[in-house]
Amino acid sequence: MVRHRGPGQLSFWFIALLLGVVAGLGAIGFRFAVEVLQAALYGTEDVNMLASWAGELHWALVLLIPVCGGVVVGLILQRFTPDGRVRSVGDVIEGAALNDGRVERRAGVASVLCSWITLSTGGSTGREGPVVHMAALASTWMANRLGVDGITGRDLLGCAVAAAVSASFNAPIAGALFALEVVLRHFALHAFAPIVVASAAGTVVNRLVYGDVTEFILPGTTTVEFYLELPAFFLLGLVCGIIAVAMIRAIFFADDVETELQKRLGLPRWLRPAVAGLLLGALAIWFPHIIGVGYETTSLALSGQLLMWEALVFAIIKVIAVSITIAGRMGGGIFSPSLMVGALTGLTFGHLATALVPEASSAFTLYALAGMGAVAAAVLGAPISTTLIVFELTGDWQTGLAVMISVSMSTALASRVVHRSFFLTQLERRKVALAAGPQAYLLGMFRVKGVMRKPTDEGAADEDVCLEMVEQGLYVQLNATLKTALPLLDSSTKPFLPVVTMEDGQPVLQGALFHVDALKAYNRALAATAEEEHS
């Protein structure tokens with residue numbers, strides 16, 4: 001039993017069940033809230049056909065709705081966040097790794113509200129990001145109320161995320177594996193059972209509201225013409241890997257461009273989402289399919305109702321729209337857009353493949369299904385859960401080999417170009433290094449202050465020697481981390497480094513950091529992580 005502080009195993013399963021119901025209700029409630037506001041603003045009774053409906057609206061309305069949404073989002077972020085940034089799945093991953101399974105509450109609530117407004121007013125993102133963060137807020141509240149340690153806090157976080165994903169997509173298997181693969185980033189047995197319990201609870205909530213139906217319905221048969229056709233799916237996987245990398249880099253390129261323009265023009269922070277809304281509204285006048293989650297266009301791609309050039313153009317425009325939305329700090333998730341781009345990419349590839357070798361080809365819609373999984377898996381860095389969620393979204397389990405081949409090739413390619421996934425690359429850009437694993441980020445969690453020996457401690461360093469080293473510039477500051485201190489210790493001929501604080505620009509001795517103490521703290525942290533991940 002690896003859990004050190006928190007409820008017993010049986011009690012924890014009941015808590016997981018409760019948290020699963022709460023997170024599931026939150027996910028369904030968020031989806032309902034988006035549909036209600038979206039229907040009210042765009043005047044449609046069927047939000048699943050929003051793209052078609054928006055194409056019939058007056059252009060001024062299509063233009064202004066995203067702008068108004070951007071203004072509201074900007075004001076909320078200005079008031080409730082210190083950096084004007086919407087929290088999403090990346091922050092949940094960071095909370096699991098570095099903050100004992102907790103996330104920011106004030107900024108988190110504001111981010112969920114911003115994502116609701118974004119998705120309702122034409123933002124071109126998905127609802128899974130805010131739903132996952134909303135679930136993380138619930139688990140954070142629960143963890144704080146119970147006063148649990150980091151291991152139990154992370155398990156609670158995994159339960160909430162699994163329930164939220166399964167409730168959002170009616171995908172219990174993928175929901176559980178998403179929490180383990182993407183958020184916790186391990187498959188420890190002690191976490192598996194409660195996460196599955198919570199995921200099942202979230203699915204039950206979904207089916208009580210919507211029934212046992214899949215998100216997408218595929219027409220006809222999707223049988224692969226073995227074995228001649230399999231190389232095409234290898235090639236499709238490589239193409240999708242390139243598209244996923246292009247999508248990730250386009251988002252971050254747009255973020256850099258918008259940040260630079262904001263600085264040069266002197267625009268206030270709260271106007272940034274409004275400018276993004278203006279660009280989205282202008283784009284939506286000509287391409288209304290970019291509005292919202294985009295399930296209508298994804299369904300058209302999976303059912304083969306788009307021509308090759310339509311699928312190609314729609315995929316390019318969707319990537320642009322997603323980049324504008326996320327770079328404009330408007331909120332929402334990346335998963336649904338990656339599904340849409342993947343389906344359009346796969347359909348384009350399928351049209352070409354079946355036209356070139358018609359006698360050895362299955363339905364070109366199968367390529368859309370495989371492409372949907374391949375791009376999404378590469379963007380999320382989650383080949384296992386994404387493969388399963390594609391099956392659960394479509395109800396088609398007969399095409400497993402084609403999807404698995406495409407997913408494996410796309411993730412293998414993309415993970416070598418970016419930091420494993422969109423989320424981990426996003427964190428790397430904020431100087432949060434999680435992609436390399438615990439051996440890289442654990443050092444940043446220890447402050448020198450907590451590891452050093454004070455002058456009054458037993459075995460303290462000689463004060464005269466310390467002062468001499470300080471005069472030579474050999475010291476580390478009190479608030480530094482072991483990530484900074486260990487390389488200095490490794491390059492030093494001394495067994496310790498003086499620890500100082502700066503007062504009036506002068507170093508004042510506070511103690512010494514011994515090399516052996518730093519290594520012991522690091523080894524204990526690695527051992528605790530290994531115990532958690534392999535129990």
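**Exercise 1. Find how many cavities of 30 Å³ or more the structure holds, and describe what lines the largest cavity.**

The structure holds 4 cavities of 30 Å³ or more, a cavity being a set of points, on a 1 Å grid over the protein atoms alone, where a 1.4 Å probe fits but cannot get out. This is a predicted model, in which local features need pLDDT of at least 70 and side-chain atom pairs count only at pLDDT 80 or more, while totals for chains, interfaces and linings use all residues. Residues are numbered from 1 along each chain as its sequence is written, and side-chain values use heavy atoms, with hydrogens and water left out.

Step 1: the largest cavity has a volume of about 250 Å³, where a volume is the space filled by probe spheres set on the grid points, which are joined across faces, edges and corners.

Step 2: 17 residues line the largest cavity, and Gln38, Val47, Asn48, Val293 and Gly294 are the closest to its centre; lining residues have an atom within 4 Å of a point.

Step 3: the largest share of this lining, 4 residues, comes from helix H1, helices being DSSP runs (H or I, at least four residues) numbered from the N terminus.

**Exercise 2. Identify the residues with the most contacts inside the largest nonpolar core, and follow Phe422 outward.**

Step 1: the largest nonpolar core has 138 residues, and Val161, Ile195, Ile334, Ile389, Phe422 and Leu513 have the most contacts inside it. Such a core is a set of buried Ala, Val, Leu, Ile, Met, Phe, Trp, Tyr and Cys residues joined through side-chain atoms within 4.5 Å, and buried means under 20% relative accessible area, exposed over 50% and partly exposed in between (1.4 Å probe, protein chains only).

Step 2: helix H15 (residues 364-380) gives the largest share of this core, 13 residues.

Step 3: leaving aside neighbours within four places in sequence, Phe422 is in contact (heavy atoms within 4.5 Å) with Ile248, Ile251, Phe252, Ile326, Ile334 and Val379.

**Exercise 3. Explain what the salt bridge between Arg329 and Asp255 ties together.**

Step 1: the side chains of Arg329 and Asp255 meet in a salt bridge, at 3.2 Å from N to O, where the rule asks for a side-chain nitrogen of Lys or Arg within 4 Å of a carboxyl oxygen of Asp or Glu.

Step 2: Arg329 lies in the loop between helix H13 (308-327) and helix H14 (335-356), and Asp255 in helix H10 (residues 230-265), so the pair ties together parts that are 74 residues apart in sequence.

Step 3: both Arg329 and Asp255 are buried.

Notes:
Helices (H or I, at least four residues) and strands (E, at least two) are DSSP runs, numbered from the N terminus. On a 1 Å grid over the protein atoms alone, a cavity is a set of points where a 1.4 Å probe fits but cannot get out, and a pocket is an open set with protein on both sides within 12 Å along at least five of seven lines; lining residues have an atom within 4 Å of a point.
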